Amino acid sequence: MIDRRQFVKRTCLGGLALYLDHWATSPAYSQDLIPPAPPIHVNEPLGALRSPLGMPGLFPGRVIETADPQAIISNRVSQPVIRRMLDRAMRELTGAQEVREAWRKFIEPKDIVGIKINPSGAPACCSSPEIIREIVAGVQSVGVPLQNIHVYDRYAFEIDIGSYQTLVPLGVRVIGVAERKLDRSGYDPNIYCEANFFGEWETRSYMASIVASGLTKIINVPTMKDHSAAGVTGCLKNLGYGTFNNVDRSHRRPFSFTDPLIGVMCSVEPLRSKAVLHIMDGMRMLWHGGPLSQNSKFISHAGILMVGTDPVAMDTIELEKIETKRRNEGVPSVWSRDPKSLTENGAEFYEDATKNLFYRQPHHIAAAAKLGLGTCELRQIDHRVLS
Amino acid sequence: MANSDWPTLLCDNSRTGGQSPQRWRAPQKSVWQTSVDGWVRSAPVLRDGLLYVTSQSGYLTALDARTGKVRWRFKAAAPIHATPSLSSGQVLFPSDDGKLYAIDSGSGARTWEMSTGAESWASPVVSKGTIFFGDANGRMHAVSSANGTVEWKRDLGGKIYSTGNVAEERVFVGCGDGNIYSMDEKSGEILWKTPTGNGIDSSPAVADGTLFVGSLDFFFYAIDLTNGAVRWKHEAELGISSSPAVSGDTVIFACKAGVVRALNTQNGKLIWAQGLEQAITAPPVISGSTVWIQSGMTHALNLADGSILWRARLGYSLQSAPVVTESAVYLTSMEGDVYALG
């Protein structure tokens, strides 16, 4: 069969142009050591119509936060408490009286819905199956058959460690896009981001086929985590780096080009249009050692759930929370550029919160804002904390 | 069964994790090393000098256990997650294409196949000519090992990734709905079900009238085989996917926090605990006085006190368990490497 889709190439400026603009607003900066990112070429479908539901979505700048100390007890997440929290947050986000009405703002019965989980920190800190089950129930409530709801992520083996196959409702498929880093079988060869960051031999990152052509809507379920290269991993990182392959080439110690690659990836169609809702799992907040740490001393049982359609606004709030926690724990800011905080020793990084492997790049959030994916100015964010 | 045979997951239908009579000695060298096509999530099985390995590329590969040379390969239409079982000259395994395959163990030719309509990762259990296995649609199947005809099927309340156990004319299996089910071996009638606090993908072991199983609710359970009553339970740090192993009065299990525990089978009292490097989802295997388990690397622990006797950065695997014989230890890694250590 001939593929009749047409594709267009566009070029995004590297990090330098995006970076200069918000450099002055970062108080922890005294100087910057990060070299400018190279241009990133994007190949995406020609003339793809951007959906009004796509990022930043129906409610730009709005972030609903709810927390309940009963949501996580003895490291176990309570599904009944999650149900109450999610129902309330969805109604607050949308202004709907009924929770089913809230889900209808995003999902239609004919949709093929992908729930993008984050299992990379499994088993200690990953998208809670209890939240996934409630999202499935919400999607199902608007008439989507269970067979049209897929839970997915990049690496099948990480999904296995989280036991998601066993824990999702009957009928829901669980899909690992790939087994290994450069496995291209699950990826669309025509949609990619191309850049040469460090002289790597494979300079392209391809979009997962399930996102390119299998799903009609995506609900993004990131966890609330520090990230040694990106600063935090939230909505943007979970979506961008979980959709494209060959992404860890964007960081090589001590430098990281997660700014601007994360935002650029999230801006590529059809990912941008299909990602209609973000539900951040803050049951366990990893404030150091992300994204993979299993060290319980860095995991706070925060019991937080955040809901929104604007991934930039949500990640901005997440960043504030991680920063606050780190400040309270007396460890350096994720904005730090102190070379003395760097280590080559992974074991040291996983045990010592004053150490890091890279100069973190929390600027990737502001870079995504520059691409129109949302709002990163705190004073412009409609942050509603439900009591 | 010959001493060196290992025809099904965890050696035999007791599912007690090996219990093989072989005595442990530290492997001295790699006898051979090879790779199969595709990643491996399953454990190997062994009979009559052939080692059988299933992989994500859909291949069942028969290797000469002495040399590592490929004797034959069979290609299914989809990835294979399940550990195969050997019975009556057949290699039995389900695949992600919703089929159960029976392959001639000597030639690699397909004997028969039957369709279930759903992927299955559970290893088939063979008892008295009947194959029992569950699938992702929550259905338990009993089919004839002679030709694959359906004897009974039973819908349970959640997905089934747990490998069943057949004992005392009943079939026991864990389920994604959090229940342990007991079914009549002949009819599939549900005799009892015992709830836990979360889904179950661990495979139960049965010893001395007690069923042992871990749950994703962080608890390890000892359940009365006759009525499903919980005799005792023991709390771990995280969920339990690893299947248990039993030796005498000791039951060994591991949780996802990477901690291996030995408990007294009678009362659940802790005998020892040993923390390993990474999350554990693979089952332990007991051989003589040694516990083998894969956690980031392969470990051999002292059954008496849990101390580490030997370890090697080989065979990183999620679900795989080694095959331990007098002459060799066979390991698979997630990346598709197969090792014979002697």
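## Exercises on helix packing and empty space

In this predicted model, the axes of helix H8 (residues 235-243) of chain A and helix H11 (residues 311-329) of chain A come within 7 Å and cross at roughly 125°.

**Exercise 1.** Decide how H8(A) and H11(A) are oriented to each other, and state which residues make their contact.

*Solution.* Begin with the crossing angle, which is roughly 125°. Angles over 145 degrees count as roughly antiparallel and those from 65 to 115 as roughly perpendicular, and H8(A) and H11(A) are therefore oblique to each other. Next, look at the contact itself, to which H8(A) gives A:Cys235, A:Leu236 and A:Lys237, while H11(A) gives A:Pro311, A:Val312, A:Met314 and A:Asp315. Sorted by class, these residues are 5 nonpolar and 2 charged, with no polar ones.

**Exercise 2.** Describe the second largest pocket by its volume and its lining.

*Solution.* The second largest pocket has a volume of about 850 Å³. Its lining consists of 39 residues, and those nearest its centre are A:Arg173, A:Val174, A:Ile175, B:Asp96 and B:Glu119. Helix H5 (156-161), strand E8 (173-178) and helix H7 (209-214) of chain A are the elements that give two or more residues to this lining, and E8(A) gives the most, with 6 residues. By class, the lining holds 16 nonpolar, 13 polar and 10 charged residues.

**Exercise 3.** Find how many cavities of 30 Å³ or more the whole structure holds, and describe the largest cavity.

*Solution.* The search finds 3 such cavities, and the largest cavity encloses about 400 Å³ of space. It is lined by 23 residues, of which B:Trp121, B:Tyr161, B:Asp201, B:Thr281 and B:Gln319 are the closest to its centre. The lining of the largest cavity divides into 6 nonpolar, 14 polar and 3 charged residues.

How values were computed. Residues numbered from 1 in each chain as written. Chains lettered and ligands numbered in written order. Predicted model: local features only at pLDDT ≥ 70, side-chain atom pairs only at ≥ 80, totals over all residues. Heavy atoms only, no water. 1 Å grid on protein atoms, 1.4 Å probe; cavity = no way out; pocket = protein on both sides within 12 Å on 5 of 7 lines; lining within 4 Å. Points joined across faces, edges and corners; volume = space filled by probe spheres on them. Helix = DSSP H or I, 4+ residues; strand = E, 2+ residues; numbered from the N terminus. Nonpolar A, V, L, I, M, F, W, Y, C, P; charged D, E, K, R; others polar. Axes fitted to C-alpha atoms, helices over the stretch in contact; angles between N-to-C directions. Parallel < 35°, antiparallel > 145°, perpendicular 65-115°, else oblique. Contact = heavy atoms within 4.5 Å.
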